[in-house]
Amino acid sequence: MELVAALRLVYHPTSSPMLKSRVKISQRPLASTLTSFAQRPIFSLNHGLLLRMSEDPHRVISCPASLEENVSTINARIGEVKRVTKETNVSVKINLDGSGIAENNTGIPFLDHMLDQLASHGLLDVHVKATGDIHIDDHHTNEDVALAIGTAFLQALGDRKGINRFGDFSAPLDEALIHVVLDLSGRPHLSYDLQIPTQRVGTYDTQLVEHFFQSLVNTSGMTLHIRQLSGRNSHHIIEATFKAFARALRQATEYDPRRRGTIPSSKGVLSRS
């Protein structure tokens, strides 16, 4: 037979001898204390999570371990790459924990527009500056920008501890619908299934879309699947692809609080080997 003792709350007036004289009871209302959380600083956790004081007193904030164990200053997940060849000069800086800032000037206006989508929908800070032999065509610049971005991703991801690893997103743009699935596995692979009906969007050769993602996959060590579910307009198809890729990448690079900073692999390691 199990006996359960009920918890009793005992009230002692402030004049009670059980209260020590140095204890002071605040008369301020509780609500003002809760709303004041918004003015408090943000603490960084060593697994890359941010613990923010919420303006909503009922909001539950989760973190991978106790505050005492995890509050520390961490390095931002930033990749910075410079690639110089006889054909191009490319500088790339990527912040995986950014806010969607885009500063892109590749000399290829449509590519700049797509990189802006990557920043905006992936909530990445993307800074790309490139000069190249676009008087010949856009091929070399398109390729080297993608190679540098992939290398920057690889650098920013580091050992990939605590991340979700997988991303899966479908993005519509009017009649176009594109499905992107990716795995930050360390193994480069691209499955590409877009049927873009025109050879060009503006001056941009639409064949370069596949080449962009193949180059990015090769240097980042990413498994990437791109499928077109519907679409007739070339611009819509390509832009929906970059938006879906951005959201899938955001999902994959964000931290899983239940993982508590461990590497998301049964092998215990994620690398390009």
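This briefing looks at a sheet, a core and a histidine. The model is predicted, with local features needing pLDDT of at least 70, side-chain atom pairs counting only at pLDDT 80 or more, and totals for chains, interfaces and linings using all residues. Residues are numbered from 1 along each chain as its sequence is written, and side-chain values use heavy atoms, leaving out hydrogens and water.

**The sheet**
- Four strands (DSSP E runs of at least two residues, numbered from the N terminus) make an open sheet in the order S3-S4-S6-S5, with mixed pairing (at least two DSSP bridges between two strands).
- Strands S3 (78-84) and S5 (102-105) sit at the edges with a single partner strand each, so one side of each has no neighbour in the sheet.
- S3 runs antiparallel to S4 (residues 88-95) over seven bridges, and Ile78 has Asn95 as its bridge partner in S4.

**The core**
- The largest nonpolar core (buried Ala, Val, Leu, Ile, Met, Phe, Trp, Tyr and Cys joined through side-chain atoms within 4.5 Å) has 58 residues, and Phe212, Leu224 and Phe245 have the most contacts inside it.
- Helix H6 (residues 234-253; helices are DSSP H or I runs of at least four residues) gives the most to this core, with ten residues.

**His179**
- His179 lies in strand S8 (residues 176-183).
- His179 is buried (under 20% relative accessible area, 1.4 Å probe, protein chains only), at 14%.
- Its side chain makes polar contacts (N or O atoms within 3.5 Å, one able to donate a hydrogen and the other to accept it; sequence-adjacent residues count only if both atoms are side-chain atoms) with the side chains of Asp168 at 2.8 Å and Arg227 at 2.7 Å.

Definitions and conventions:
Buried < 20%, exposed > 50% of the residue type's maximum accessible area, 1.4 Å probe, protein only.
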